[in-house]
Amino acid sequence: MKILLPLSILISNLFFGQYHVPDFNITKFINDGGISKEIYTQQNGQLKLNEKYSFDKYSNTIKVTVDQDMNDGSSLIGLDYILDKENRISEEKNYFKDNQLNEKFTQIIKYRYTKSSKQLSYYDSNNKVYLKTFFFYNDKDEVVESITLSKDDLILHERTINYKLDKYEISETEKFTFPKYKTVTKRELDKNGFSIYTESKIDIYSTPKQYMSDVVLYFENEIDQKGNLSKKYGIYGQKKELIQEVITQYLSQ
């Protein structure tokens, strides 16, 4: 796909906090009996394996194989999601490779839940928390706000608010530390909860001013027998193009 992938890469590079966010519900995946998931994404006109998730029931851990370049010159080469008794993520281990020094290192994020919030704590190499992200939920278990701040100096780095307007879901994110920016994303979902329309606006606060064109994308989705995404198509006028395929294996298969 000519527009979606560069846009998603840009947004992920701007995102302050988690290095990799699964594009599906981990808890639902396990509760559905999922044991593995392979995500193929279109790159240069071909579908290529981009992410692989494997569930180890004995350690209650999802192991992720991925190869994602980071802004600092390192590469994210894998993750472990350690789950709690409710099949929620309790700890996240990110495995990196320093491409210049040819060394590997690990970064840990720990999760804590309440009835109306979720807290992520980021640990440095000395096993000390340096950053926290808080997610706040409404009575429908939907995220309505999130904030990211430094633990010691309480500097607010990023804030996101989510709300609904007519048939659209709106997400507004503003980052207050370098690089400063604001994004507004408007989405329309199909009956299964997958996006069929996305409109994104990015405003980068810099000198000189950086302007980026608004992006509007249309999609069509197919689901498997469990109601999980199996194929995503990009719609360009009268043309439909397969941009992502998800192969999920379940215990019953």
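Which residues does Ser230 touch, not counting residues up to four places away in sequence? I opened the notebook with this question and worked on a predicted model.

**Entry on Ser230.** I listed the contacts of Ser230 and found Glu222, Ile223, Asp224, Gln244, Glu245 and Val246. I then looked up the secondary structure at this position: Ser230 lies in strand β16, which covers residues 229-236. For the exposure of Ser230 I obtained a relative accessibility of 13%. Buried means under 20%, so Ser230 counts as buried at that value.

**Entry on the fold.** I counted the secondary structure elements of the protein and noted two helices and 17 strands. I next compared the radius of gyration, 19 Å, with the 18 Å that the globule rule gives for 253 residues; the two are close, so the protein is as compact as a globular protein of that length. Along the principal axes, I recorded a box of roughly 55 × 50 × 45 Å for the C-alpha atoms.

**Entry on packing and contacts.** I checked burial over the whole protein and noted that 40% of its 253 residues count as buried. Among contacts with a separation of 6 or more, I found that 29% join residues 24 or more positions apart.

**Entry on surface and charge.** I looked up the accessible surface of the protein, which comes to about 15200 Å². Carbon and sulfur atoms hold 50% of that surface. For the charges, I noted 36 positive and 37 negative ones in the protein. I recorded a distance of 2 Å between the mean positions of the two sets.

How values were computed:
Residues numbered from 1 in each chain as written. Predicted model: local features only at pLDDT ≥ 70, side-chain atom pairs only at ≥ 80, totals over all residues. Heavy atoms only, no water. Helix = DSSP H or I, 4+ residues; strand = E, 2+ residues; numbered from the N terminus. Rg over C-alpha atoms; globule rule 2.2 N^0.38 Å. Buried < 20%, exposed > 50% of the residue type's maximum accessible area, 1.4 Å probe, protein only. Contact = heavy atoms within 4.5 Å. Areas by Shrake-Rupley, 256 points an atom, 1.4 Å probe, with all protein chains shown as cover. Lys, Arg positive; Asp, Glu negative; His and termini not counted. Charge placed at Lys NZ, Arg CZ, Asp CG, Glu CD.
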